[in-house]
Amino acid sequence: QVQLVESGGGLVQAGGSLRLSCAASGGTISRYTMAWFRQTPGKERDFVARVLWAGDSTYYADSVKGRFTISRDNAKNTVYLQMNSLKPEDTAVYYCAATNGVVFLTVQSVYNSWGQGTQVTVSS
C-alpha cells in the first residue's frame, strides 16, 4: 500500500495562491489514479480533482474548475495541486488519495490510500 504525505498548506489572503504537494512512498504513483479531496469540520469530505494513471487526464469539481490544477511528476513520485485565485470558501483540510479503481473516481470510498491532510486557510 502506498503511503502519502501532503505539504504546502498555510494561511493566504483571498486572491492568493498556494501549491500543495503529495509525496508518495511504498509504491509508484504511475500505477495509481491520484486525487485531492477537502474537508471542513462537521462536513463531508468533498472531491476536488483527480488525474488518471494513464494519459494524465484530469477532472475537477465545478467549484475549483479554472482555478486549481492537478499534476503529477512520476519521476519525483509526487502529485501537486496548484491553487490560484483562492477564496475563503476554499478553507479546508486538503487530503491526497490514491486508488487502483477504474470507476467512480470522484467518490472517496474508492480510494484506499490517504495522506494525513494539510490545512489551507484563506482570509478575506
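Which side chain meets D62 in a salt bridge? That was my opening query today, and I put it to a predicted model. The answer is K65, with the two side chains 3.1 Å apart, N to O. I also looked up how D62 sits: D62 is exposed, with a relative accessible area of 66%.

**Entry: the other salt bridges**

I wanted the full tally next, and the count comes to 3 salt bridges. One of them joins the side chains of R38 and D90 at 2.9 Å, N to O. I traced both ends: R38 lies in strand β4 and D90 in the loop between β8 and β9, so this pair ties together parts that are 52 residues apart in sequence.

The side chains of R67 and D90 also meet in a salt bridge, here at 2.7 Å, N to O. R67 belongs to the loop between β6 (58–60) and β7, while D90 is in the loop between β8 and β9, so the pair links parts that are 23 residues apart in sequence. Because these bridges share partners, R38, R67 and D90 are joined into one network.

Are the members of this network buried or exposed? I checked each of them. R38 has 13% relative accessibility, and the cut-off for buried is under 20%, so R38 counts as buried. D90 comes out at 1% and counts as buried too. R67 is likewise buried. For a newcomer, I jotted down a general reminder: side chains of opposite charge can pair when their charged atoms come close.

**Entry: the nonpolar core**

How many residues does the largest nonpolar core have? I found 35, and those with the most contacts inside it are M34, W36, L81 and Y94. I then asked where the core residues come from. Strands β3 (18–25), β4 (33–39), β5 (46–51), β7 (68–73), β8 (78–83), β9 (92–99) and β11 (118–123) each supply at least two of them. The largest share, 5 residues, comes from β9. My margin note reads that nonpolar side chains tend to be buried together in soluble globular proteins.

I picked Y94 for a further look. Leaving aside residues up to four places away in sequence, Y94 touches E6, L20, W36, F37, R38, V48, F68, L81, M83, G117, T118 and V120. I was pleased to meet R38 in that list, since R38 is also a salt-bridge partner of D90.

**Entry: a nonpolar patch on the surface**

Which residues form a nonpolar patch on the surface? I noted V102, V103, F104 and V107, with about 420 Å² of accessible area together. I followed F104 to the loop between β9 and β10 (113–114). At 64% relative accessibility, F104 counts as exposed. Its backbone caught my eye as well: phi of F104 is near 55 degrees, a positive value in a residue other than glycine.

**Entry: N77**

I met a phi near 55 degrees at N77 too, again positive in a residue other than glycine. Where is N77 placed? I located N77 in the loop between β7 and β8. At 15% relative accessibility, N77 counts as buried.

I looked up what the side chain of N77 reaches. The backbone oxygen of G27 is at 2.9 Å from that side chain. A polar atom of the N77 side chain also lies 2.8 Å from the backbone nitrogen of I29. Beyond four places in sequence, the residues touched by N77 are C22, A23, A24, S25, G27, T28 and I29. G27 and I29, the two partners just named, are both in that list.

**Entry: D46**

My last stop was D46, which has its place in strand β5. D46 is partly exposed, with a relative accessible area of 41%. Which residues does D46 touch, not counting those up to four places away in sequence? They are F37 and R38. I also checked D46 against Y95: they are 49 residues apart in sequence and 9.8 Å apart in space, C-alpha to C-alpha.

**Entry: looking back**

R38 keeps turning up in my pages. R38 is touched by Y94, is touched by D46, and shares a network with R67 and D90.

How values were computed. Residues are numbered from 1 along each chain as its sequence is written. This is a predicted model: local features need pLDDT of at least 70, side-chain atom pairs count only at pLDDT 80 or more; totals for chains, interfaces and linings use all residues. Side-chain values use heavy atoms; hydrogens and water are left out. A nonpolar core is a set of buried Ala, Val, Leu, Ile, Met, Phe, Trp, Tyr and Cys residues joined through side-chain atoms within 4.5 Å. Buried means under 20% relative accessible area, exposed over 50%, partly exposed in between (1.4 Å probe, protein chains only). Helices (H or I, at least four residues) and strands (E, at least two) are DSSP runs, numbered from the N terminus. Contact means heavy atoms within 4.5 Å. A salt bridge is a side-chain nitrogen of Lys or Arg within 4 Å of a carboxyl oxygen of Asp or Glu. Patches are made of residues with over 30% relative accessible area and no salt bridge: like charges are joined within 9 Å, nonpolar side chains (Val, Leu, Ile, Met, Phe, Trp, Tyr) within 5 Å. Accessible areas come from the Shrake-Rupley method with a 1.4 Å probe; for residues, only the protein chains shown count as cover. A polar contact is a pair of N or O atoms within 3.5 Å; within protein, one must be able to donate a hydrogen and the other to accept it, and residues adjacent in sequence count only if both atoms are side-chain atoms.
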